[in-house]
Amino acid sequence: MKKALVIITSIILVFIVFFVVWFNYKPTKTSYEDFSYAEDCKIYIAGESGVKTTRFVNITDTEISSIDDAIERAKNECTIQWDGVTTYFDAKEHIWKVLFYTKGILGGDQSVYLDENGKTVLIVYGE
């Protein structure tokens with residue numbers, strides 16, 4: 001009788017833990033970060049040094065269905081030497097920001113902004 005009670009209690013505890021974890025689970029986005037394209041546009045003004053708003057390579061529609069697609073498309077615009085990349089996404093504006101940089105070096109980076117159709121809308125060079 002005591003052994004059966006221990007087994008039943010153990011099973012109940014497993015189910016309780018399972019349901020607590022299940023209902024509190026929130027997936028984390030480890031591959032890209034959120035950002036605001038509108039806020040970046042307030043900072044990076046057309047005509048300022050290091051801000052490019054025209055004459056892009058990516059001018060035709062190309063489906064961007066993953067982070068890898070965004071990075072591959074942004075590479076077409078990249079003009080710096082780099083060994084690191086960070087991706088961002090603005091869910092409201094549907095804009096990708098792909099930051100290329102050299103690890104351990106401040107400045108000298110390049111951010112390529114792509115719309116949901118893979119067209120480049122802005123490039124910003126870091127100092």
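The following paragraphs lead through the structure from its overall composition to individual residues.

The structure is a predicted model. Its chain has 127 residues, of which 28% count as buried. Three helices and six strands make up its regular elements, and from the N terminus on these follow the order α-β-α-β-α-β-β-β-β. The accessible surface of the chain comes to about 9000 Å², and carbon and sulfur atoms contribute 59% of that area. Among the contacts in the chain with a separation of 6 or more, 47% are accounted for by residues 24 or more positions apart.

The strands offer a starting point for the fold. Six strands form an open sheet with mixed pairing, in the order E1-E3-E4-E5-E6-E2. Strand E1, residues 32-34, and strand E2, residues 51-52, are the edge strands, each of which pairs on one side only. In general terms, the strands of a sheet are paired through backbone hydrogen bonds, and the pairing may be parallel or antiparallel. At the E2 edge, the pairing is with strand E6, which covers residues 120-125; the two strands run antiparallel and are joined by two bridges. Within this pairing, Val51 has Val124 of E6 as its bridge partner.

Helix H3 is placed against several of these strands. It comprises residues 67-75 and lies across E1, strand E3 (84-90), strand E4 (95-101) and strand E5 (110-115). Relative to E4, helix H3 runs at about 60°.

The charged side chains come next. Side chains of opposite charge can pair when their charged atoms come close. The structure holds four salt bridges, and three pairs are described here, including one between Lys42 and Glu39, whose closest N and O atoms are 3.3 Å apart. Both residues belong to helix H2 (residues 37-43); they are three residues apart, and therefore about one helical turn separates them. Lys42 is exposed, with a relative accessible area of 60%, whereas Glu39 is partly exposed at 43%.

Another salt bridge is formed by Lys97 and Asp40, with 3.2 Å between the closest N and O atoms. Lys97 lies in strand E4 while Asp40 lies in helix H2, so this pair ties together parts that are 57 residues apart in sequence. Both Lys97 and Asp40 are buried.

A further pair is found in helix H3, where Glu72 forms a salt bridge with Lys75 and the closest N and O atoms are 2.8 Å apart. These two residues are three positions apart in the helix, about one turn. Glu72 counts as partly exposed at 46% relative accessibility, and Lys75 is likewise partly exposed, with a relative accessible area of 33%.

The cysteines may be considered next. How many disulfides does the chain contain? The count comes to zero. Cys41 is partly exposed, with a relative accessible area of 31%, while Cys78 counts as buried at 17% relative accessibility.

Several loop residues also deserve attention. Most residues other than glycine have a negative phi. Against that background, Arg55 has a positive phi of about 55° although it is not a glycine. Arg55 is located in the loop between E2 and H3, where it counts as exposed, at 75% relative accessibility. His94 also departs from the general pattern, with a positive phi of about 60° in a residue that is not a glycine. The loop between E3 and E4 contains His94, which counts as partly exposed at 34% relative accessibility.

The last residue to examine is Gly118, found in the loop between E5 and E6. Is Gly118 buried or exposed? Gly118 counts as buried because its relative accessibility is 0%, which falls under the 20% limit for a buried residue. Leaving aside residues up to four places away in sequence, Gly118 touches Asn58, Thr60, Thr62, Ile64 and Arg73. One of these, Asn58, stands 60 residues away from Gly118 along the chain, yet the C-alpha atoms of the two are separated by 6.9 Å.

How values were computed. Residues are numbered from 1 along each chain as its sequence is written. This is a predicted model: local features need pLDDT of at least 70, side-chain atom pairs count only at pLDDT 80 or more; totals for chains, interfaces and linings use all residues. Side-chain values use heavy atoms; hydrogens and water are left out. Helices (H or I, at least four residues) and strands (E, at least two) are DSSP runs, numbered from the N terminus. Buried means under 20% relative accessible area, exposed over 50%, partly exposed in between (1.4 Å probe, protein chains only). Contact means heavy atoms within 4.5 Å. Accessible areas come from the Shrake-Rupley method with a 1.4 Å probe; for residues, only the protein chains shown count as cover. A disulfide is a pair of cysteine sulfur atoms within 2.5 Å. Two strands pair if DSSP finds at least two bridges between them. Axes are lines fitted to C-alpha atoms, for helices over the stretch in contact, and angles run from 0 to 180 degrees between N-to-C directions. A salt bridge is a side-chain nitrogen of Lys or Arg within 4 Å of a carboxyl oxygen of Asp or Glu.
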